[in-house]
Amino acid sequence: MIEGTEVWSVGMACSELVECVLRNKREIHPVTVNVKGHYGVETDLFLAVPAIIGEHGVSHLITANFDGDFSKLVENIAMLVREKLPSI
């Protein structure tokens, strides 16, 4: 059963994203995007990361100079996803 607050929070998040697009607000929101070419990822991998949302959707990913541990973590996630994908 879906609780009222769960539906409300999903609806609010969606309305904020729609408002960003319609009004070209260029705000930062966590969204799931293809991070290929970012964070050392060379293959298609979709992760939830902070991004700037405007009239054309995602305009930029918020990236920072992460240490080697973070890059290794993302590489491990990509490897696990590639290994598990054929069995789905």
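Arg26 is found in the loop between α1 and β1, and in this predicted model Arg26 has a positive phi of about 55 degrees although it is not a glycine. The loop also holds Asn24, another non-glycine residue with positive phi, in this case near 50 degrees. Around this segment, Glu19, Arg23, Lys25 and Glu27 are joined by a network of salt bridges. The points below treat the loop, the charged network, the cysteines, His29, the nonpolar core and the strand pairing in turn.

**Loop between α1 and β1**

- Helix α1 covers residues 4-22, and the loop that holds Asn24 runs between this helix and β1.
- Asn24 counts as partly exposed because its relative accessibility is 33%.
- Arg26 likewise counts as partly exposed, with a relative accessibility of 43%.
- The backbone of Asn24 has a phi near 50 degrees, and that of Arg26 a phi of about 55 degrees; neither Asn24 nor Arg26 is a glycine.

**Salt bridges**

- The model contains 4 salt bridges.
- Glu19 is paired with Arg23, with 3.8 Å between the closest N and O atoms; this falls inside the 4 Å limit for a salt bridge.
- Glu19 also meets Lys25 through their side chains, at an N to O distance of 3.5 Å.
- Lys25 in turn forms a salt bridge with Glu27, again with 3.5 Å from N to O.
- Together, Glu19, Arg23, Lys25 and Glu27 make up a linked network.
- Within this network, Arg23 counts as exposed because its relative accessibility is 61%, over the 50% limit.
- Glu19 is partly exposed at 30% relative accessibility, Lys25 is partly exposed at 35%, and Glu27 is partly exposed at 30%.

**Cysteines**

- The disulfide count is 0.
- The sulfur of Cys14 lies 12 Å from the closest cysteine sulfur, that of Cys20, and the two are therefore too far apart for a bond; the cut-off for a disulfide is 2.5 Å.
- Cys20 is accordingly in no disulfide, its nearest cysteine sulfur being that of Cys14 at 12 Å.
- Cys14 is partly exposed, with 43% relative accessibility, whereas Cys20 is buried, with a relative accessible area of 0%.

**His29 and its surroundings**

- His29 belongs to strand β1.
- Because its relative accessible area is 11%, below the 20% limit, His29 counts as buried.
- The side chain of His29 makes a polar contact of 3.2 Å with that of Glu27, a residue that also takes part in the salt bridge with Lys25.
- Leaving aside residues up to four places away in sequence, His29 touches Glu16, Leu17, Cys20, Val49, Pro50, Ala51 and Ile53.
- Among these contacts of His29 is Cys20, the buried cysteine described above.

**Nonpolar core**

- In soluble globular proteins, nonpolar side chains tend to be buried together.
- The largest nonpolar core of this model comprises 14 residues, and Val35, Leu45 and Val49 have the most contacts inside it.
- At least two core residues come from each of β1 (27-34), β2 (46-54) and α2 (68-84).
- The element that gives the most to this core is β2, with 4 residues.
- Apart from residues up to four places away in sequence, Val35 touches Val41, Leu45, Leu47, Val49 and Leu61.
- The contacts of Val35 thus include Leu45 and Val49, which stand with Val35 among the core residues that have the most contacts inside it.
- Val49 is touched by His29 as well as by Val35.

**Strand pairing**

- Strand β2 pairs with strand β3 (residues 57-61) in the antiparallel sense, over 4 bridges.
- The two strands form a hairpin, with 2 residues between them.
- Gly54 stands opposite Gly57 of β3.
- Strand β2 therefore has two roles in this description: β2 supplies 4 residues to the core, and β2 pairs with β3 over 4 bridges.

Technical notes. Residues numbered from 1 in each chain as written. Predicted model: local features only at pLDDT ≥ 70, side-chain atom pairs only at ≥ 80, totals over all residues. Heavy atoms only, no water. Buried < 20%, exposed > 50% of the residue type's maximum accessible area, 1.4 Å probe, protein only. Core = buried A, V, L, I, M, F, W, Y, C linked by side-chain atoms within 4.5 Å. Contact = heavy atoms within 4.5 Å. Polar contact = N/O pair within 3.5 Å; in protein donor to acceptor, adjacent residues only side chain to side chain.
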